[in-house]
Amino acid sequence: MSQNWRPGKRVAIAGGGPGAISTGLAFMKRGYDVRIFERQPTCEAIGGAVLLSIPVLAILRAYGLNMDNVGSYTRTTFANKWGKERVQLPFNAEVERRMGIKGWHYGVLRSTIFGKMLSLVPEGVIYTDHEVTGYEERWDSDDENNSSVQVKFNNGRTMMADILVAADGIRSAVSRQAFGDPGLIHTGIRVWLAWCDQIPDVPAHHGVISHDWQYQASFFPMLREGNRPGFEWWVVEPSGEDKPVPADPKAHLTTVLKDWAQPMPRLLDSTDFSSQVYRWEVYNRPSLQKWSTGRVVGVGDAVHPVSPYAAYGMGMAIEDGYYLARALDGVDLRDQRAVAAGFELYEQQRVDYANHHMEFARFSGSMFHRLPWPLAKVRDLIFDYTPVLGMLLKKDYLQRAEEETMNLRELQVV
């Protein structure tokens, strides 16, 4: 580990998921030395498929990822369970033009896109079977502004770095030490994430997010290994820490979707439940206003776990890593004042933005899955026959995301 580990350039990253890999790639692009520590024997993306938006794809493109057949762009429609359209998310033609990427959402299999990210990481950067359990900041007695951080591992070993990035997920040991007990709460929803191969007679580049009074069922086209077309689909349902998990997921979801508009029932029938379905009990934490302390800073779920209603968790973690490295570009990481200024810039650019999406997603989950039946019926009538849902989505999701994208001027092609 000591090779190419230069004081002032040393970036240690706890965790080996997409946020960690993005952070590592972003810092290496700027000439820093990076070590990524993953507690598992391999770095793997958990879950089935995922939606990535234009800014995320532009960041991955900047890292060197080939955009050919990276995913399937999608026109997103919100509907009720019988297929009645409530609103279609519009494409922003100016965003498409400036970024040189068509559409807004792209469906990809997590393992496929994560594998492409991992292929960009040089050898000697990722260390698996290395669980970061904590840290200790060290100060130079002769220079109060010159310090470092000692990274601690579960095997008792330690190493010195200039900064430590918490990218080790919602139950991050680094984040817990830095910011205290996260106060994790079950959000009251469960997600069944799944994928299957292509089925006929579904319009190209077409995805639907649909609801009845207590369930959400959604599908999007995607590409997976070998650029094979298929679909990602998911079902969101009410849940809780004391609510039992169905013993037979396929039978349970078949019952839930039996009256749903096609192609949802057909997608379920085309899915291998032994290998293509992942259950996710959704937890969250109160929003943090600070993501850094001393020489430690967080990205992704370690500081802002996002429920599936944002469809943005993996994407925001990838964005975080890019913004963090950009905020510290050219900084001698031995200089505590310069590091603090970089962290502050990163937080100014990301904290309010990420917290807004986290809180909007949490609100949406409560609105669609925790309202009692009479109120849920009124909600559905409003969404079916008024423009309210479209107004909410435009104001609380699309507008801020598009503004953020337009500010990434260095990633624009025109």
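Ile382 is found in helix H10; helices (H or I, at least four residues) and strands (E, at least two) are DSSP runs numbered from the N terminus. At 35% relative accessibility, Ile382 counts as partly exposed. Here buried means under 20% relative accessible area, exposed over 50%, and partly exposed in between (1.4 Å probe, protein chains only).

The model is predicted, with local features needing pLDDT of at least 70 and side-chain atom pairs counting only at pLDDT 80 or more, while totals for chains, interfaces and linings use all residues. Residues are numbered from 1 along each chain as its sequence is written, and side-chain values use heavy atoms, leaving out hydrogens and water.

**Helix H10**

Helix H10 covers residues 373-385, 13 residues in number, and reaches 18 Å from its first C-alpha to its last, close to the expected 18 Å. The expected span of a helix is 1.5 Å times one less than its number of residues.

The buried residues of H10 are Ala376, Arg379, Asp380, Phe383 and Asp384. Seen down the axis of H10, these buried residues fall within an arc of 130°, so they line one face of the helix; the arc is that of the directions from the helix axis to the C-beta atoms. On the other side of H10, Pro374 and Tyr385 are exposed.

The cover over the buried residues of H10 includes strand S4 (72-80), strand S5 (85-88), helix H9 (336-369) and helix H11 (388-406). Contact means heavy atoms within 4.5 Å.

Ile382 also belongs to a nonpolar surface patch with Val378 and Val388, and together they have about 200 Å² of accessible area. Patches are made of residues with over 30% relative accessible area and no salt bridge, with like charges joined within 9 Å and nonpolar side chains (Val, Leu, Ile, Met, Phe, Trp, Tyr) within 5 Å. Accessible areas come from the Shrake-Rupley method with a 1.4 Å probe; for residues, only the protein chains shown count as cover.

**Salt bridges**

Side chains of opposite charge can pair when their charged atoms come close. A salt bridge is a side-chain nitrogen of Lys or Arg within 4 Å of a carboxyl oxygen of Asp or Glu, and by this rule the count comes to 23. The table lists some of them.

| Pair | Closest N to O distance |
|---|---|
| Arg86 and Asp380 | 3.6 Å |
| Asp181 and Arg176 | 3.9 Å |
| Asp259 and Lys258 | 3.3 Å |

Salt bridges that share partners join Arg86, Arg379, Asp380 and Asp384 into one network. Within it, Arg86 forms a salt bridge with Asp380. This pair links distant parts of the chain, with Arg86 in strand S5 and Asp380 in helix H10, 294 residues apart. Both Arg86 and Asp380 are buried.

For the pair of Asp181 and Arg176, Asp181 counts as exposed at 58% relative accessibility, and Arg176 counts as partly exposed at 44%. For the pair of Asp259 and Lys258, Asp259 counts as partly exposed at 44% relative accessibility, and Lys258 counts as exposed at 58%.

**Helices H11 and H8**

Thr405 is found in helix H11 and counts as buried at 0% relative accessibility. Not counting residues up to four places away in sequence, Thr405 touches Ile54, Pro55, Val95, Met99, Trp104 and Gln412.

Helix H8 (residues 313-327) has 15 residues, which should span 21 Å at 1.5 Å a residue, and its end C-alpha atoms are 21 Å apart, in agreement. Of the 15 residues of H8, 13 are buried, so H8 is largely enclosed by the rest of the structure.
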